[in-house]
Amino acid sequence: MSKSMWILAGLITVLVIVSIYREQSDMKLPEHLKCKESMFQQMFTDTCTPRTGIKKIQ
């Protein structure tokens, strides 16, 4: 494997581990993900239509 492939494999591994940790821990959902609008649209319009079905099942 070349050096760049090792770097890419390492970054993917870190991403997977962080994703699993975030899912298993009780981290709160970021505020911008609780709205139906995109973050770009929220920045310029200051609107937030709450999503339904995004709650974690405990």
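A residue counts as exposed when its relative accessible area is over 50%, as buried when that area is under 20%, and as partly exposed in between. With those limits in mind, select M43, which is found in helix α2: because its relative accessibility is 54%, M43 counts as exposed. Keep in mind throughout the tour that the model on screen is a predicted one.

While M43 is still selected, add H32 and draw a line between the two C-alpha atoms, which are 9.7 Å apart in space, although M43 and H32 are 11 residues apart in sequence.

Now step back to the whole chain. The protein chain has two helices and zero strands, and of its 58 residues, 7% count as buried. If you switch on a surface, the area that the protein chain exposes comes to about 5600 Å², and carbon and sulfur atoms supply 66% of it.

Stay with the surface and select M1, M5, W6, L8, I12, V16 and I20, which together make a nonpolar patch of about 760 Å². To look at one member of the patch, pick M5, which lies in helix α1; with a relative accessibility of 41%, M5 counts as partly exposed.

Next, move to the loop between α1 and α2, where S25 lies. Is S25 buried or exposed? At 15% relative accessibility, S25 counts as buried. Show the side chain of S25 together with the backbone of R22, and you will find that this side chain reaches the backbone oxygen of R22 at 3.5 Å.

Continue to the cysteines. The structure holds one disulfide, and selecting C35 and C48 brings it into view, with a distance of 1.8 Å from S to S. Which parts of the chain does the pair tie together? C35 lies in the loop between α1 (3-24) and α2 (39-45), whereas C48 lies in the segment after α2, so the pair ties together parts that are 13 residues apart in sequence. If you look along the S-S bond, the angle about it is -95°, and the link of C35 and C48 is left-handed. The two ends also differ in how they are covered, since C35, at 3% relative accessibility, counts as buried, while C48, at 42% relative accessibility, counts as partly exposed.

Return to helix α2 and select F40 and F44, which are four residues apart in this helix and are therefore separated by about one helical turn. The structure holds one aromatic pair, and it is this one: the ring centres of F40 and F44 lie 4.9 Å apart and the ring planes stand at 65°, so the pair is edge-to-face. The cut-off behind that reading is that planes over 60 degrees apart count as edge-to-face. Both F40 and F44 are exposed, so a surface display will show them as well, by the limit of over 50% relative accessible area.

For the last stop, go past this helix to D46, which is found in the segment after α2. What is the phi of D46? D46 has a positive phi of about 55°, although it is not a glycine. This deserves a look at the backbone, because most residues other than glycine have a negative phi. D46 has a relative accessibility of 70% and so counts as exposed.

Definitions and conventions:
Residues numbered from 1 in each chain as written. Predicted model: local features only at pLDDT ≥ 70, side-chain atom pairs only at ≥ 80, totals over all residues. Heavy atoms only, no water. Disulfide = S-S within 2.5 Å. Buried < 20%, exposed > 50% of the residue type's maximum accessible area, 1.4 Å probe, protein only. Phe/Tyr/Trp six-rings, centres within 6.5 Å; stacked < 30°, edge-to-face > 60°. Polar contact = N/O pair within 3.5 Å; in protein donor to acceptor, adjacent residues only side chain to side chain. Patch = residues over 30% accessible without salt bridge, like charges linked within 9 Å, V, L, I, M, F, W, Y side chains within 5 Å. Areas by Shrake-Rupley, 256 points an atom, 1.4 Å probe, with all protein chains shown as cover. Salt bridge = Lys/Arg side-chain N within 4 Å of Asp/Glu carboxyl O.
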